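Hi everyone, thanks for making time this morning. I'd like to walk you through a structure that may be new to you, so please have a look at it with me.

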Amino acid sequence: MQLISFARGAPSLDIINVDGLKAAAVRAFETDPAGVTAYGTSVGYLPLRTWIAEQHGVEADQVIVTNGSMQADALLFEHLVKPGDAVVVEKPTYDRTLLNLRNLGAEVHPVTLEADGIDVAELRALLESGVRPVLAHIIPNFQNPAGVTLSAQKRAALLALAQEYGFTIFEDDPYAEIRWRGEKLPSMLSQDTAGVVVHASSFTKTIAPGLRVGYLVGPKATIAGIAKRATTIYISPSMVAEAIVHQFCAGGDVTRSIEKVSATLGERARLLGESLRKHIPDATFVEPDGGYFLWVELPEDIDTTELEKVAAKDFGVAVVKGSDFLLDGGRHSVRLAFSAVLNDEVDEGVQRLAAAIEAVRKSA
């Protein structure tokens, strides 16, 4: 039995423009052989840095390009967070965010995630209780793992709270372009008049994960401090990968890539929702308007720690248990990543998951 994996948020090969990447690589080496093969600078490949700055309407020295957005995240956390510092995260949130923050010794404060994003009333109450975070980590579009999107009203409220209480909003936004339904909302970065937002994104979701190119946009002093730290870690990120991305973007391939990825994943998300309603009718979930993920709440008699093991071992379907994305709780939840599951595998995968749920229920 071949494994069907809803476990990893990675695109399937059929939605990656391999030919476009080959052509972009040729152009990169023909156009700038010296720049592509050199060490470069800690802020990244300068033409790509400039292109990113133009997309966000900022100056180039507000941008640093890194080896993937995970490295961007880590550099920002290390720059801002010291042991014992309070940090707000969404509940649930990306598992590696929790790991990185705990490794830094941060005091992590999870705030409930609702269908339209973080509960700002709960956050305000936390702030009024005396907690003073240095950072609030927010994934505003098609959140990982929950798939929800932060509403326009809550974006404005978060900006106001950050200004009032003096914390940085880390707008971690790698999924924003992968939207197949609804209108795109303005980023918090684009509405920031007080320098309280640092924005991160990646070309993993729109082009290909193997390139490992991500970036941060923020206040000049913050970016300069991070660039200084980066110099001591890796001298510079990969000029080859970043030059290829620059050619791919500047030539317009990225726009076509986004259109293809969004249309393909929109269909997979639709099929996944249909299959869940058909085969696991007691599951509850919010269907995303974009992104890679769908969060499923199962009945309380299903322990998803056990389900994760049984599903992979006995039924050939991989999922990620909800407790991985929470400091506590999530025992009856799973995250389903549909980005790498082909259309003709979706229903079969859900049927296998339904069978695994029944097996766990009977063995309890």
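Let's begin with F142, which is buried, at a relative accessible area of 0%. This is a predicted model, by the way, so please keep that in mind throughout. F142 sits in the loop between β6 and α7. Its backbone is worth a look too: phi is positive, about 55°, although F142 is not a glycine.

Stay in that part of the chain for a moment. P145 is also found in the loop between β6 (135-138) and α7 (152-165). The peptide bond that joins N144 and P145 is cis, with omega at about 25°.

Now, which other residue has a positive phi of about 55° although it is not a glycine? That is R212. You'll find R212 in the loop between β8 (197-202) and β9 (214-217). And is R212 buried, partly exposed or exposed? R212 counts as partly exposed, because its relative accessibility is 36%, and the partly exposed class runs between 20% and 50%.

Let's step back to the sheet. In what order do the strands come? There are eight of them in an open sheet, and the order reads β2-β9-β8-β7-β6-β3-β4-β5, with mixed pairing. At the edges are β2 (63-66) and β5 (117-118), each of which pairs on one side only.

Let me zoom in on one pair. β3 and β6 run parallel and are joined over three bridges. If you'd like a residue to click on, try V88, whose bridge partner in β6 is A136. On to the helices: α7 packs on the sheet and touches β4, β5, β6, β7 (168-172) and β8. The direction of α7 makes about 145° with that of β7. Then there is α5, which lies across β3, β4 (107-114) and β6. Relative to β3, α5 runs at about 165°.

While we're at the sheet, please find A200, in strand β8. Is A200 buried or exposed? A200 is buried, because its relative accessible area is 0%, and buried means under 20%. And what does A200 touch, leaving aside residues up to four places away in sequence? Its contacts are D73, F170, E171, D172, D173, P174, Y215 and L216. For a sense of distance, take R229: A200 and R229 are 29 residues apart along the chain, and their C-alpha atoms are separated by 17 Å.

My next stop is a second cis peptide bond, the one joining K91 and P92, where omega is about 10°. P92 lies in the loop between β3 and α5 (95-103).

Those two residues lead us nicely to the cavity. How many cavities of 30 Å³ or more are there? The count comes to one. The largest cavity holds about 40 Å³ of space. K91 and P92 are both in its lining, along with V89, E90, T93, L98, P110, F325, L326 and L327. Which element gives the most to that lining? Strand β3 (residues 86-91) does, with three residues. By class, the lining of the largest cavity has seven nonpolar residues, one polar and two charged.

To recap the places to revisit: buried F142 in its loop, the open sheet of eight strands, and the cis bond between K91 and P92. Thanks for listening, and happy exploring!

Methods
Residues numbered from 1 in each chain as written. Predicted model: local features only at pLDDT ≥ 70, side-chain atom pairs only at ≥ 80, totals over all residues. Heavy atoms only, no water. 1 Å grid on protein atoms, 1.4 Å probe; cavity = no way out; pocket = protein on both sides within 12 Å on 5 of 7 lines; lining within 4 Å. Points joined across faces, edges and corners; volume = space filled by probe spheres on them. Helix = DSSP H or I, 4+ residues; strand = E, 2+ residues; numbered from the N terminus. Nonpolar A, V, L, I, M, F, W, Y, C, P; charged D, E, K, R; others polar. Buried < 20%, exposed > 50% of the residue type's maximum accessible area, 1.4 Å probe, protein only. Contact = heavy atoms within 4.5 Å. Pairing = 2+ DSSP bridges. Axes fitted to C-alpha atoms, helices over the stretch in contact; angles between N-to-C directions.
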